Amino acid sequence: MSKAEHFEGGCLCGAIRYRATAQPLRGVICHCEICRKHSGAPALAFIHFAKASFSWLRVEPAWYRSSSFAERGFCPICGSTLGMREEVLSDRVQVCAGSLDEPARVKIQDHVWTSSQVSWCDIHDDLPRFAESSSAVPSKAMK
């Protein structure tokens with residue numbers, strides 16, 4: 001498999017590594033309060049990969065139940081924010097774009113939960129914006 005055919009990433013300390021062997025299904029920037037608290041950043045970009053093409057190469061992250069419908073993944077050693085999993089999207093793995101080794105290779109399709117956006121974090125792009133969840137995929141992560 002060539003490097004162009006897969007995506008790899010992991011945490012800051014290197015204890016957790018992952019690989020996706022297919023192109024991403026979706027990329028999204030979330031402005032919700034839970035993503036802000038989880039990441040410590042004003043917004044958090046997620047890349048969705050098909051679960052069937054994704055594997056944790058060493059150990060899996062620790063998971064924290066952040067709502068009734070979602071869990072957030074992090075490295076228990078260095079604390080890196082790594083991803084999220086939602087029950088309604090159980091066919092995919094969502095990783096934080098910043099955890100990818102080459103985040104510039106992925107594309108973002110839209111912004112979600114802009115109703116919660118921090119006023120001074122005004123990203124100027126032509127991507128669609130949704131006050132809550134995108135119409136592209138079901139989500140209950142904020143409920």
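Student: Happy to start with Phe 49: leaving aside neighbours within four places in sequence, which residues is Phe 49 in contact with?

Tutor: In this predicted model, Phe 49 is in contact with residues including Phe 7, Ala 20, Pro 24, Leu 25, Phe 54, Val 93, Val 95 and Leu 100. Contact here means heavy atoms within 4.5 Å.

Student: What makes the group around Ile 47 and Phe 49 a nonpolar core?

Tutor: A set earns that name because its members are buried residues of kinds such as Ile, Phe, Val and Leu, joined through side-chain atoms within 4.5 Å. The largest such core has 19 residues, and Ile 47, Phe 49, Phe 54, Val 95 and Leu 100 touch the most other members. Strands S2, S4, S5 and S9 each give two or more residues to this core, with the largest share, three residues, coming from S4. Another core, of eleven residues, lies apart from it and includes Met 84 and Cys 96.

Student: How do you know that S4 and S9 pair?

Tutor: Pairing takes at least two bridges, and S4 and S9 have five, in the antiparallel sense. One example is Ile 47, whose bridge partner in S9 is Val 95.

Student: Why are S6 and S10 said to stand at the edges?

Tutor: Seven strands form an open sheet of mixed pairing, ordered S6-S7-S8-S9-S4-S3-S10. S6 and S10 each have a single partner strand, so one side of each is left without a neighbour in the sheet.

Student: And why is Ala 41 called partly exposed?

Tutor: Ala 41 has 25% relative accessibility. Buried would need under 20% and exposed over 50%, so Ala 41 counts as partly exposed. You will find Ala 41 in the loop between helix H1 and strand S4.

How values were computed:
Residues are numbered from 1 along each chain as its sequence is written. This is a predicted model: local features need pLDDT of at least 70, side-chain atom pairs count only at pLDDT 80 or more; totals for chains, interfaces and linings use all residues. Side-chain values use heavy atoms; hydrogens and water are left out. Helices (H or I, at least four residues) and strands (E, at least two) are DSSP runs, numbered from the N terminus. Buried means under 20% relative accessible area, exposed over 50%, partly exposed in between (1.4 Å probe, protein chains only).
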